[in-house]
Amino acid sequence: LPCSLNHHVMAAASAQMDDEAGNAPDLLALLAAATAAASSDMPPGGVPPGMPPGLWAAMCKRRMEDIHHSHGMSFEEREKHLRSREFQIPGRPGRSMTLLEDPSGRFAAGTSGAVLWPAAVALIERLDDEVEASCLNSLRVVELGAGMGAAGLFLAMHKGCDVVVTETPESLPLLARNVSENCPAGTGPQVAALRWGSDEQIAMIGPGTFDLVIGSDVTYRPDCLSDLLSTAAQLLEPSGRFLLSLQDRPGEADHLERA
């Protein structure tokens, strides 16, 4: 879902389920409410350009059904849907991390980044070439749209960097679970909520304090690119760098260049 409407769908669904715990939500009413709330950011009717309205409605309906189903499950029930994957880091042997994927979307319903995508592996390979490993590494890094946090975990575990991994509030449980799976309590990356473009959340993380901002497969929504780029610019120190890896989707690189 486009960023703005996804946020309102999640908020509307959560609010109704809190009021009517145990009852199936009125999915069409939620979709209408979410679309109206996001109308200033979306095209007329809330349907993204080029997407058939029927497909858009079906996607939103499925998203809200998943949210409702997950909302009624305990943490232990949702955790059973996670899939453990031992990820062998390319390059020098003997380096790995355990990733907990959520392919069914039951652990953190309504989110993305629930499996390891090739773009994340490509970013890790690039970072491995560019960042020296040291227990005294003072490089300060923030990962945007971290998903499971694979790139940020790599830099913290195998390069000694000071890392903050960020995600939208609804996606934080999966991210935090992956950090705790790989790092003892009190170690590893800091986990923080960050919705791109939120000045309040950017201020809490530390604007102008990061040497490196990274992101993998976070550019597939053209309507989110402006917020993504402005957030990275605010977080970076003057001499900092922004590294992105993209999936090979038609037009995605062109949209990014125009942004």
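Colleague: Which residues of H6 are buried?
Modeller: The buried ones in H6 are Ala150, Ala151, Gly152, Leu153, Phe154, Leu155, Ala156 and His158. Buried means under 20% relative accessible area, exposed over 50%, and partly exposed in between, with a 1.4 Å probe and protein chains only. H6 is a helix, and helices (H or I, at least four residues) and strands (E, at least two) are DSSP runs numbered from the N terminus.

Colleague: Before we go on, what sort of model is this?
Modeller: It's a predicted model, where local features need pLDDT of at least 70 and side-chain atom pairs count only at pLDDT 80 or more, while totals for chains, interfaces and linings use all residues. Residues are numbered from 1 along each chain as its sequence is written, and side-chain values use heavy atoms, with hydrogens and water left out.

Colleague: Thanks! Back to H6: how many of its residues are buried, and what covers them?
Modeller: Eight of the nine are buried, so H6 is largely enclosed by the rest of the structure. The cover includes E2, H5, E3, strand E4 (162-167), H7 and E6. Contact here means heavy atoms within 4.5 Å.

Colleague: And what follows H6?
Modeller: Gly160 does, with a positive phi near 75°.

Colleague: You mentioned H5. At what angle does it pack on H6?
Modeller: H5 (residues 118-130) and H6 (residues 150-158) pack at about 25°, and their axes are 9 Å apart. That makes the two helices roughly parallel. Angles under 35 degrees count as roughly parallel, over 145 as roughly antiparallel, 65 to 115 as roughly perpendicular and the rest as oblique. The axes are lines fitted to C-alpha atoms, for helices over the stretch in contact, and angles run from 0 to 180 degrees between N-to-C directions.

Colleague: Which residues meet there?
Modeller: From H5 you have Leu123, Ile124, Leu127 and Asp128, and they meet Ala150, Ala151, Phe154 and Leu155 of H6. The residues of this contact divide into seven nonpolar, no polar and one charged. In that scheme Ala, Val, Leu, Ile, Met, Phe, Trp, Tyr, Cys and Pro are nonpolar, Asp, Glu, Lys and Arg are charged, and the others, Gly among them, are polar.

Colleague: What does Met97 in E2 touch?
Modeller: Leaving out residues up to four places away in sequence, Met97 touches Arg85, Glu86, Phe87, Ile89, Ala150, Leu153, Phe154, Met157 and Asn182. Met97 is buried, at 1% relative accessible area. Its C-alpha is 6.0 Å from that of Glu86, eleven residues apart along the chain.

Colleague: Now Leu175: where does it lie, and is it buried or exposed?
Modeller: Leu175 lies in helix H7 (residues 172-182) and is buried, with a relative accessible area of 0%. Its contacts beyond four places in sequence include Gly149, Val165 and Val191.

Colleague: Different topic: which residues of H9 are buried, and which are exposed?
Modeller: In H9 (residues 225-235), Leu225, Leu228, Thr231, Ala232 and Leu235 are buried. Down the helix axis they fall within an arc of 135°, so they line one face; the arc is that of the directions from the axis to the C-beta atoms. On the other side, Ser226 and Ala233 are exposed.

Colleague: What's unusual about phi at Asp217?
Modeller: Asp217 has a positive phi of about 55° although it is not a glycine. Most residues other than glycine have a negative phi. Asp217 sits in the loop between E6 and H9 and counts as buried, at 10% relative accessibility.
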